[in-house]
Amino acid sequence: MTTLITITGGLAAVLYTDLVQTCVMLFGAILLTAIGFNKIGGFSGLLTYYGQATSPIDLNTSSAEVFIMNMHDVAVSQFSAGTLPTVDSLASSQNISSNLTCKLPSSNAFVMLRDISDSEMPWLGYILGQTPASIWYWCADQMMVQRVLAAKSLSHAQGATLMAGFIKIFPLFIIVLPGMISRILYPDTIGCGTAEECLEICGNRHG
């Protein structure tokens, strides 16, 4: 379809197709976000319920049995040592850390610039890794340059570039946040119960 449109209509047809697709995707994503926030009670609901969005552990699986026994042993040992077991203390235990980390949503879920030692997204890696990649794609990629050079005038090219940059702000609100909402609404599907389930669904033992 793309080839047919390009051959018959030229770059103008491609630009009009991009415009229609952008409108459809923005409308659908904004609508989905609004529906999701309505179901969980707004942004305050996201802050309240995201940390509780865990899936139940299937006790009929051998991995769940091992997980629970390990948690029991660690809790008993900590209690015997005179300390009350907490989620953090259990999560730091070697025998159950991977399962508990997988099951519980990240405590840094609402933190964009994280500690440099963070295993998922340290601030240094984010700045030095994501920034050059974004500059390359949005400023030097052939697809972007082609559309800028096809503009009717310099002002059109500048305006389109600014508009594209403005639209780029939306993914946080219409892609990332709906993904977090989906974990609240569908914890059995999105939130893994054990590390083995995480590996099967996400390809990662930590979810």
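Which residues line the second largest pocket? Here are a few notes to read alongside this predicted model.

1. Let's start with that pocket. Its lining is made up of Leu32, Thr33, Ile35, Gly36, Lys39, Pro178, Ile181, Ser182, Leu185 and Tyr186. Two elements each give two or more residues to this lining, namely α1 (2-40) and α9 (171-185). Of the elements, α1 contributes the most, with 5 residues.

2. Next, the space and chemistry of the second largest pocket. The pocket holds about 150 Å³ of space. By residue class, its lining splits into 6 nonpolar, 3 polar and 1 charged.

3. One of the lining residues, Ile181, also turns up in a long-range pairing with Phe43. The C-alpha atoms of Phe43 and Ile181 are 9.7 Å apart, although 138 residues separate the two along the chain. Phe43 belongs to helix α2 (residues 42-49). Is Phe43 buried or exposed? The answer lies in between: Phe43 is partly exposed, because its relative accessible area is 44%, and buried would require under 20% while exposed would require over 50%.

4. Now to the charged side chains. How many salt bridges does the structure hold? There are 2. In one of them, the side chains of Asp18 and Arg147 meet at 2.8 Å, N to O. This pair ties together distant parts of the chain, with Asp18 in helix α1 and Arg147 in helix α7, 129 residues apart. Asp18 is partly exposed, since its relative accessible area comes to 24%.

5. The other salt bridge joins the side chains of Asp118 and Arg114, at 3.8 Å from N to O. Both Asp118 and Arg114 are buried. If you are looking at this pair on screen, keep in mind that the cut-off for a salt bridge is 4 Å.

6. Finally, Asp141 deserves a look. You will find Asp141 in the loop between α6 (123-140) and α7 (142-149). Asp141 is buried, yet has no salt bridge. Which side chain of opposite charge is nearest to Asp141? That is Arg147, at 7.3 Å, and a salt bridge calls for a separation within 4 Å, so this pair does not count as one. Arg147 is instead the partner of Asp18 in the salt bridge described above. What does the side chain of Asp141 reach? Its contact is with the backbone nitrogen of Met143, at 3.1 Å.

Key
Residues numbered from 1 in each chain as written. Predicted model: local features only at pLDDT ≥ 70, side-chain atom pairs only at ≥ 80, totals over all residues. Heavy atoms only, no water. 1 Å grid on protein atoms, 1.4 Å probe; cavity = no way out; pocket = protein on both sides within 12 Å on 5 of 7 lines; lining within 4 Å. Points joined across faces, edges and corners; volume = space filled by probe spheres on them. Helix = DSSP H or I, 4+ residues; strand = E, 2+ residues; numbered from the N terminus. Nonpolar A, V, L, I, M, F, W, Y, C, P; charged D, E, K, R; others polar. Buried < 20%, exposed > 50% of the residue type's maximum accessible area, 1.4 Å probe, protein only. Lys, Arg positive; Asp, Glu negative; His and termini not counted. Polar contact = N/O pair within 3.5 Å; in protein donor to acceptor, adjacent residues only side chain to side chain.
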